[in-house]
Amino acid sequence: MSLDPSVYGDLLLSLLPELVLTGWTLVLLLFVAWRHRTVRDLRIAGWLTIAALISTAAATWWLWWNRAEVAGLAAMIAADDFRWVTTWVFLGAAALTVLISFSYLEREQLLAPEYYVLLLFGTLGMMIMAAGADLMVIFLGLELMSVAVYVLAGFDRRRARSAEAALKYFLLGAFASGFLLYGIALIYGATGTTNIRLIGAQVSFMGSPSVMLLVGLALLIVGFGFKIAAVPFHMWAPDVYDGAPTPVTAFMATGVKAAAFAALFRVMIQAFAGVPAWHDILWWLAVVTMVGGNLFALGQRSLKRMLAYSSVAHAGYLLVALAAGTRAGTSAFLVYVIAYTLMSLGAFAVLAAKGRGGESDVAIDDLAGLAGKRPWLAFALAICMLSLLGFPGTAGFIGKWYILIAATGAGQNVLATILVLTSVVSAGYYLPVIMAMYMKPEPIEAAHVDVYLDRWGRAAVAVVVAGLLLFGVWPNRLFDLARSAGDSVHPAVTTTTSGP
Amino acid sequence: MYARWVLNALLLWPLIAGLIVLLLPARLAKYVALGASLIEFALSVPLWWAFVPANGMQFVVDRAWIAGWGIRYTVGVDGISLFLVLLTTFLMPLSILGSWSYITKREGGFYSLLLVLTTGMIGVFVALDLFLFYVMWEVMLIPMYFIIGVWGGENRLYAAIKFFIYTFLGSLLMLVAIIVLYLHAGRVTGIYSFGYAHLLSQVGLLGPSAWWLFGAFFLAFAIKVPLFPLHTWLPDAHVEAPTAGSVILAGILLKMGTYGFLRFALPFFPSVALHQNVQLIIVILALIGIIYGGLVAMVQPDFKKLIAYSSVAHLGFVMLGIWALTLQSVQGALLIMINHGISTGALFFLAGMIYERRHSRLIEAYGGIARVVPMFAAILTIVSLSSIALPGTNGFVGEFLVLVGSFRTYPIATGLATTGVIVAAAYLLTALQRVIFNPLSNPENEKLTDLTPRELAVLVPLLVCILWLGIYPKPFLRRMEPSARQLIEQVRPGATQGLPVVSGGQP
């Protein structure tokens, strides 16, 4: 199905998932304007959110099934498999976040259903970011997402830490947006357009890139670097992740990061394929992020901060996929980001269950003896940890494996080696979690009586674990999807080798 | 028929049984686990007869797994892996029976992990697809990590994480090397596959990158063996692990390293492995392992630690035999791998049995117990003698073949290695004397009870093997020979021509 963006109907059709989600969000907004007092209202709002996410996913599926594509070069919205797959990732991350939010919001007495409205706006922003074929559209999506998430980070307004997180995130995020916007302006100055494909055409036409373009590109990378929390732009991440309510942290660590990466991939590959300079920049960024993230995580005692730094480290692994710059790299990114979303959400869900009254105080050693009392929860967290570690049999391994193939396939053997060496370091902080749960005795009697996850939270964790194990053993379908989606971003002309 | 399903069954059955054990009530766990491992053993025994030595890879099963990457589920057995598979299935029921009274908490988890571990170990030995090999290699890490970490001694957390990180470091670098090999073979032939035979046929054109790749494989396997100076995880893990854990670690897990050298590192990178300097380094490291391992074992106050260091020495012989690359030395190395599993396994069982009675692993805590527990003393003596390599026991055959075979290639190193045999006698006989002879000084030892029928049931099969392999090793050698010969030919063409055949005439 070819969509012509100059025809009004086709334009609406190409924006179908976003429009569906916008419609639902407005309905939800109206709903919470009247009903926002009781637990029941909160529940209804939550289920409306789930319904919104499912129908958006269905709309996306419909477009995917009909092979929707946008005709011509100059469209502001892309319609390719990459967009559909990343959209599903955002929707899945949001849905799992909703499932673990139910009991969390009630337990922490955050009885404000606007939470779900913000969540949906954030998701909408992510979808627009991944769909944007124009730097301005990407920027709009980024701002929509960021503003919603700023508020979500400070949602627990009675706790100082949550407010601190929101303020910090807002200030630094605004800075990052400034960088990004300035970068876009310079790129516009150098090429005369903000359309990604046209920039790509201009850049390859220009031959050697001008200084203005390079500065613009550098600022763009800085702006995205903030959003994906790459070292050295990660400073905000631990504090913000730590202070925000845990389900929000989960959403930030997965959805926000995935969206920023999706946009970064599209920009780098479609607009700047002709500028070799970014490979070097990203190479170093990946190395520094992997080494820094893993080493910082090693020193953490608090589980939540450890997961925050671990998400920095995983941004480094994803940057390796980007630095490879090949089709395999893009597909590897998609596989990894799906695995990462699952395992991160699972880990945060268990953390939310454990951390009654302030999960930022849950030290890794506080999990001691959990396996004896809550075997299934401990099992789920152990699987998530092994998957984060990249252990065979889990989706995390398949993702890491694919990134390694992409990196070595692009001749980046050193990068691949650094990736595995830093993975060994990561064993130093993932394993203590397993060790505490299984190998240490309960510190005091009844240390885990208040660990609670309602049935929807448990369902979310079960989905995560099942997904991690399934994709760990049988990744064929996931792999095929990621391959076609990864290919769709790259220009069609460079089909040379088959291979992975 | 049997040939088509046996390996699948051997890999799948322990997994299923492990799940069943986990779901059953804990008091049933050990019975079900024992039954399951006996069934596993019974399934594997016909391999002995069904195996045709001259046929190379047998019982091959080959199915598509992850088609997009050219990953297949390919398994098979040849004369090198046959005995390692049989050793695994043979030691598992004994380990389970040997843990009967040692493991008192979380029994379901323990026995279930032992069964899952069985799948991992057999998987490593039969995998003919490098992806599958890698997955199995890592998968067996987790059960062992838990076995040491949950049921181990006082210092178990440290030992468990050290064991894990050492192995993980080596194996991840190997992972990168596997991927580089895969991409290399894919670019040359256009066929992207992790199949062992496919990769093996394309490694000739690697050029200088072969050095790095060999280095990565070498590190992974050398940590596992363990080769000096990468052995430091071993004493910790062996000492802290529960009896069954020590037995399996020494008996089977260490063999994965030497098996990896034989199956992958040598055939893939012959030009590097046989480079003069590399040979020199490895032979020197093996020698240090033999002599240093023996000397360190001599001063250990802890009986389990003594056995652990003796493992370093034994595996040094294996490495020497592999690198000498003559028919005798490779067969000898294979035999030592089996013998070490049997003798050292038996030693760890004995150490565990006496520990259960006295709760001390210190040699000085005992003395003169031969009068109190004559049966224990007799068996300990036989097993120690086999570990020393006394003629008539299994240990002798293996070490003799290695020394004879290696002398041709490395005369000086072999001469030095011979002193290792003497050192072994020195530390084991001294320890034996201090434990079972000498005056009975400690009154606590007077109340020791002798071996129970269950414990005898664990030890007698091992004793039978010790004598069988010591007196009549021909059936083993005959099954190994063609595969060993093929391997040597692969690495160093023409090396086996005109050499006397160890196993003699026709069956």
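Start by selecting Gly325(A): this glycine takes a positive phi of about 75° and sits just after helix H13 of chain A. Bear in mind as you click that this is a predicted model, in which local features need pLDDT of at least 70, side-chain atom pairs count only at pLDDT 80 or more, and totals for chains, interfaces and linings use all residues. Residues are numbered from 1 along each chain as its sequence is written, while chains are lettered from A and ligands numbered from 1 in the order in which they are written.

Now step back into H13(A) itself, residues 303–324. Helices here are DSSP runs of H or I with at least four residues, strands are runs of E with at least two, and both are numbered from the N terminus. What span should the 22 residues of H13(A) have at 1.5 Å a residue? The expected figure is 32 Å, and the end C-alpha atoms are 32 Å apart, so the two agree. (The rule is 1.5 Å times one less than the number of residues.) H13(A) is mostly covered, with 22 of its 22 residues buried. Buried means that 20 or more other C-beta atoms lie within 10 Å of the residue's own; 12 or fewer makes it exposed, anything in between partly exposed, and the C-beta atoms are placed from the backbone.

Zoom out to the whole of chain A. You'll find 20 helices and two strands, in a C-alpha trace spanning about 70 × 55 × 40 Å along its principal axes. Of its 500 residues, 63% are buried. A compact globule of 500 residues would have a radius of gyration near 23 Å, and chain A has 21 Å, which agrees. (That radius is taken over C-alpha atoms, and the globule rule is 2.2 Å times the number of residues to the power 0.38.)

Next, show the border between the chains. Here 26 residues of chain B are in contact with 25 residues of chain A, contact meaning C-beta atoms, placed from the backbone, within 7 Å. Which elements of chain B give two or more residues to the side that touches chain A? Select helices H6 (130–139), H7 (141–151) and H8 (156–189) of chain B. H8(B) gives the most, with 14 residues. Colour that side of chain B by residue class and you get 22 nonpolar, three polar and one charged. (Nonpolar covers Ala, Val, Leu, Ile, Met, Phe, Trp, Tyr, Cys and Pro; charged covers Asp, Glu, Lys and Arg; the others, Gly among them, are polar.) For the model, ipTM is 0.90 and pTM 0.92.

Stay in chain B, which has 21 helices and two strands. Select strands S1 (58–66) and S2 of chain B: they pair in the antiparallel sense over six bridges, pairing requiring at least two DSSP bridges. Gln58(B) has Val77(B) as its bridge partner in S2(B). The two strands form a hairpin with four residues between them, and Gly70(B) in the turn has a positive phi of about 70°. Five of the seven residues of S2(B), residues 71–77, are buried, so the strand is largely enclosed by the rest of the structure.

Last stop: colour chain B by pLDDT, the predictor's confidence in each residue from 0 to 100. The mean is 87, and 97% of the residues reach 70 or more. Then select residues 503–507 of chain B, where pLDDT stays under 50 and the model has six contacts beyond four places in sequence.

Terms used:
Contact = placed C-beta atoms within 7 Å.
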